[in-house]
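Please find below my notes on this model, set out as numbered points for reading beside the coordinates.

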Amino acid sequence: MKIAEEKMMEKDESTSAETAVRAHKMKKTKEKSKSEKKQAGNGKTLIRLIKDMKVIYGWLVFAAFISLLSVACSLATPEILGELTDKIYDIWEGVSRYADSDIPKWCALLAIVYVGASLTGTVKMMLMNYVVSGFFTKGMRIRISEKIGHLPVSYIDHTPNGEIIAKMDHDVSIMGGTVHNFLDIIISGVMKLGGITVILFAMNWTMAVIVIILVPFSLVLSSWLASYSEKYYNESRKINGNIYALVEENFTGFDTVKAFNLEKMKNDQMRELCGKYREKARQGYFYSGIVQPIIALTNNIAYIIICILGGVLAVDGELSVGEIVAFVLYAKQLAGPLESIANGMSMMQSTFASAKRVYELLDLEEMEEIKTETMPAGKGEVVFDHVSFSYDPEKPLIRDLTFTVKPGQKAAIVGPTGGGKTTIVNLLMGFYPIQEGHIYIDGVDIAGLDLADLRSQFAMVLQDTWLFGGTVYENIAYGNEGASREAVEQAARMAHIHRFIQSLPKGYDTVINEETTNISGGQKQLMTIARAYLANRKMLILDEATSNVDTRTELLIQDTMDDLMKGRTSFVIAHRLSTIVNADMILVVNDGQIVEQGTHEELMKRNGFYTEIYNSQYELLK
Amino acid sequence: MREVIKLFRPFVKGMLLIALLNAVSTLCSLFMPYLMSGIVNDGIAGKNLETIYRLGGLMLVLAVVGLVTALLNTWVNSKVASDFTYALQNEMLQKINSLTFEEYSSIGTSSLLTRTTDDVMTLQEVAASLAYAVVSIPIMVIGGIVMTFSQDWTIALLMFIVVPVALIFVSWLAKKMDKLWDIADKRMDDQNRMMRERLSGLRVIRAFDREAFEHGRVAGATTEMTGSLIKSNVLSGFIDPVCMFLLNIVTVMILYVGSRRIAAGALLTAGDLVAAVQYIALITNGLLALSWTIAWIPHVRVSMRRINEVLRMEGVRQDGWGEKLGGSVSLSHVSFTYPDSEVESLHDVSMDIREGEQVAIIGGTGSGKSTVTKLLMAFYRPDNGKVTLDGRDYREVSRETVRDNLSVALQKNMIFEGTAGENIRMGRPSATDEEVMEAADIAHIGGFIREQKEGLDYRLAQLGTNISGGQKQRFGIARTIIKPASIYIFDDSFSALDYLTESRLRRALNQYLAGKTQIIITQRAATAMRCDRIYVMEQGEVVGSGTHEELMRNCQVYQEIYHSQLGGDEA
C-alpha cells in the first residue's frame, strides 16, 4: 500500500516536465534551508503542534488523570503479588496459618487493582481514539480542505495533486499518531520509569543498581541493532520501489511487451532486481530478527541475577521470597516505558517532517478576497491593455498583449501549443493575477473585482472534461442548483446527449464515478457543453470544447454551439480550424504575442502565419 | 492454495530446521520459571546456597543456549524468507508475462500490480514468521499449561477455561475488525478521491463559485472516514486489555486456590505457585501473539488466494518463433466480443490485405478499428471467422510467429524507463547506432535525440513523462519500423502530429518500408485518402471499402467523415 501510494505521488509529480523542474527547484531550496535551521524549526513546529492541540487540552488533562490511575495500578500489582507470595510462603513453611493470613482479602485487592488497570487502560484507549481522531486529525483535515478553497490557482497548478492528498492523508495521520502517543510518553513513560526506579531502590540497593544498568543496556544495544536493520530495510525498500516501477511499466505496456516479444527481456530485468532485493531483505530480516533474542538474553540475565542474588539474600533473611517476585516483575515492567519513550523519540523526526509539510500548506498566502467591486450590468466588452504575464521571470509567457473584443463577438485564439492561448483565458477569468497592464470588462479593471462575481460572468467548456462523482443530473446542473429537470433535459437535448443519457440504466440519475466506463470522453464533453448551455452566462469560454467529440457529432452540434455563442462574448480555442473560420475576430498567438489579428478572410489575404497554419491541414492531400 | 504451497516445497528442509531451532529456544525460556521455583523450594527454604548457585548456573546455560539457537534460527529464517520471496516474485512475473490477453484482462492491470507487490510482501511476512507462529507460540501456550499442570492440576484446569475463552473472543474480534478496516480503507479512498476530483476540477469549481460546496463534500467524507477509523481503532484496541484482564484474573484465582490447597496440605509448594504466576505471564504473551496472528489470517488468506489465482492460470507456452511469413493478411467473417463486455465489438468483418499494399482503416471512436489491430496481433482470438497470415490460419501458427512477422505502433505508446536508444532498439536488439538513428530520423525524432547532449543515451523516464505526447508517438514509430517484419501496422500513430509533419513523415516511411505491407488505422480522412485502399468501419462493421474516389461516391459514412473534417472546400 505504502509503496503504491508513493509511486502514485511520484507519477503525479512528473506529469509535465515543467512541473518536475519546478518541484526540483523547490526541493533544492527546501533542502538548503532545512540544514541551516533544522533545530530551531523543530522547536517551532513542536510549539505549534502543541498549540494546535488546544481543542483537546481539556480531554488530554482528563486522559492524563486516567493514565495516572492506570500507572498507579500497574505499579501496585508487583507489590501486592509479592505480599501474597510471602503470605503463601509462610503458610507453606508452616510459620503462619491460613486462617490468620487474610489471603482472600489480598486476593480481592489484587483483583480490584487488575480490574482497575484494565478499566483505566480501556477508557484511556477509547478516550484517546475519540479525541485524537474525532477532534485533532479530523479538524486538521478539514482545515486543509478549507485552505484549498482559498489558495490561488497557481499553487494547485504547480503542485502535484498527490502531494496535497498525501499531506491530508498520510502526514496528518502521522501527526495524530504522535499526539496519541503524547500521553503514553509523558505519563506512562516518564512516571512509570521514575516510579519503578524509586521502588526498586527502596527495596534493595545492590539489585536495583544491577537492574537499572542491565535493562537500559539491552535497550541501547537493541536500538543500535535496529538502526542497522533499518539501513538494510531502507535499501530493500528502495529496491522494492524499483521492482514496483518495473512491474508497473511491464503491466502498463503489456501489449507492447507482447507485440515486440519482450517477455524474456523483462523477465531477466526482473530477476536481476529481485536478486538484489533478496540480498538486502535477508540482511534486514537478520538484523531485525536478532534484536529480540538479544533483549531476551539481557532480560534473562537480569532475571537470573535477581534469582541468585535474591536467593542468597533470602537465605540470609535480608529479602523475602515475595520481594524477589516483586523484583522480577518490576524489572519486567521497566522495559515497557523505556520502549515507549524510545519509540516516541524515533517517531518525533518523522512527525516533525510531516507537521512541517502540513503547516507549510496551511501557511501559504491566500488569495486576496477583500475586493468588493461588483460587475456592472454591461454587455460583455473585453479589453486587454498592454498585458504581460509570466510564471517564471526568465520566460515571459504573455508580452504586451492588447486587443478588444466587442460585446457579443466571437473571438478565436489560434496558434501553436505552448504559445499562450490557454494562459489568456486564465488571465481573463482571474485564475492568475497579471503582472503588468490591465484587463477591463465593460470598462471595469478586473484587478479590483470580486473574483466570484467576475467568474459568474463566464460559462466554460474545457478540453479536460471535469465531471464529479455525482449523478448526470447533478453534473449538468452544476453551478445552477435548483435547475428543473426539464431545463436540464433541454440543455442535454441541445448538446445531443439527451438520448444517450436516457439509454443509461438509470438515466439522469446514473452516478458518474471511476468505474463508469460506458461513457466515452466525447459523451462526457457533451455533458459539459450542456452544463455551459444551462448556465446561461454573459460570456463564454470554449477551450478545445469539442476535442473529444467525433468529427461527425461535432458537425451535429454545430448549431447548438452557434446558438450558445449568439449574443455572448465568446472566446474559442480550437485546433480544428474549420470551427473558427466564421469568428468575428481571430487572434493568432505565438510566443505570447499576437502576431496577426483579423477575420479569416483578412488573414488569408495577408498570406502570413495564419495562412501557413491553415494550409498545412491540406498538405496531406497533395 | 496448491500452487503457492508448491512454491514452499523447496524450503521445507529449511522450515523444519527453523521449527526445530524455534522449539529449542522456546523450551529454554519455558524452563526458566521451573528452575526458579527450585531456587525458592530447595535453595531459599532449604537455606542451601549451593543449590541456588547450581540452579542459577543452569539458568544461565539455558539463557545462552536460547540465544545461540535463536541467532541461528534468525539466520536460517531470513534466508528462507528472502529466497522464497525471490522465487515467488519471479514465478509471478514470468507467469503474468505468459498470460493471454483474455487471462490478463480477467484480473486487470491494477489488481495484478497489487498481487505481484503487496500480496507477495504479505507472503514474505508469512514465510518469515510462519515458524514462530506455528511452532513457538503453541509451545509457549501449551508448554506453559503443561508446566503448570506438572505443578498442580487444579491450577492448570483454570487455564483450560480461560485460554479458549480468550481465543474465541479474539477470533470473533478479528473477524469484525477485518470488516471494519475494509470500510475504513474505503472511506479513506473516498475522501482522497473527492479531494483529487476537486483539485483536478479547480477551474470549473471556481468558475461556478462552488468551493464552499466542494469543501462541504470533502469535510463530509472526512467525517465519515473519522467515524469508521475510530470504530475500527477502538475495537482493535480492546484485544490487549481484554486478554490481559482474563489472564490476570487467572493469576488471582491461582493464588487464591493455590494458597488454600497449600494450607490444606497438598503437594503444592510456594515455589510452584511463584512459577505458575510466571507461566501465566508467558502464556499471556503467547496468547497476545496468537491473537494478532489470528487477526492477520484473513489478510494472508486473501493474498494467498489472489496469488494462487494468478499462478493457476494457464498462460501460453512460448513455442519458438522465427518462421518468416509473407505480407498478406486477411480476416474473413470475423466476429469478436471482449471477455468483459456484452456488446459485440466486431461483427462479420472481412478484410483482405495483399502483400505490399497500403491499406487504411478509418472510423470514429468505438468503431472497432483498434480491435482489428488486436486480432491481427493475436492478442485475442476471434469468436467466429478466421484470421490468416500469408494464407496460414492463426490457429496453426504460434502467437510468437505472428508477432514476429507483424510490427505495430500501438495507439497507447509505451515508453520504458531507459535510454532513447534502448527504447528504439527493442524493435531489433541487434541494430547498430546508425540503424537506430536512421529509423529515428524517419520517425522525426532524430532531431530531438541529437539535441540532447547524451544523444541516444538520453534517459527517458518511466512512461515517458519527460517527453511530450507527440514525441512518445514518434519514438513508438521508430521502434516499430526498425523491427524487421513483413507487415507494419500504425494504429492512430499520426494523431499528435501536425499535418505538415505527418505528410513528410509518411513520405519518408514509404521509402523506408518500400514493398512492405502497411496498415494505417486512423480517424482522419486526410491520413486515409492517399492509401491504396480504405476500409470504413462503424459500430464494429465494415460499411465500405475502396479507394478514396470510390468511397466519396458510394459510402455515406465516409463522405460525412470527410466533410466534417475538411469542410466543403477542397484545396
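1. In this predicted model, the interface between the two chains brings 128 residues of chain B into contact with 116 residues of chain A. Sorted by class, the side of chain B that touches chain A is made up of 66 nonpolar, 41 polar and 21 charged residues.

2. Chain A is divided into four parts, of which domain 2 (210-318) and domain 4 (468-533) are each given as one stretch, while domain 1 (55-204 + 322-367) and domain 3 (369-457 + 537-622) are each given as two. Between the centres of domain 1 of chain A and domain 3 of chain A, taken over C-alpha atoms, the separation is 61 Å.

3. Chain B contains an open sheet of six strands, with mixed pairing, that runs in the order β6-β9-β10-β3-β11-β12. The edges are formed by β6 (406-409) and β12 (541-546) of chain B, each of which pairs on one side only, and from one strand to the next the twist averages 15°.

4. At the β6 edge, β6(B) pairs with strand β9 (residues 487-491) of chain B in the parallel sense, over four bridges; within this part of the sheet, B:Ala409 stands opposite B:Phe490 in β9(B).

5. Which helix packs on the sheet, touching β6 and β9 of chain B? The helix in question is α15 (residues 469-482) of chain B, and its direction makes about 175° with that of β6(B).

Methods: Residues are numbered from 1 along each chain as its sequence is written. Chains are lettered from A and ligands numbered from 1 in the order in which they are written. This is a predicted model: local features need pLDDT of at least 70, side-chain atom pairs count only at pLDDT 80 or more; totals for chains, interfaces and linings use all residues. Domain bounds come from an automatic or database domain assignment. Two residues are in contact if their C-beta atoms, placed from the backbone, lie within 7 Å. Ala, Val, Leu, Ile, Met, Phe, Trp, Tyr, Cys and Pro count as nonpolar, Asp, Glu, Lys and Arg as charged, and the others, Gly among them, as polar. Two strands pair if DSSP finds at least two bridges between them. Helices (H or I, at least four residues) and strands (E, at least two) are DSSP runs, numbered from the N terminus. Axes are lines fitted to C-alpha atoms, for helices over the stretch in contact, and angles run from 0 to 180 degrees between N-to-C directions.
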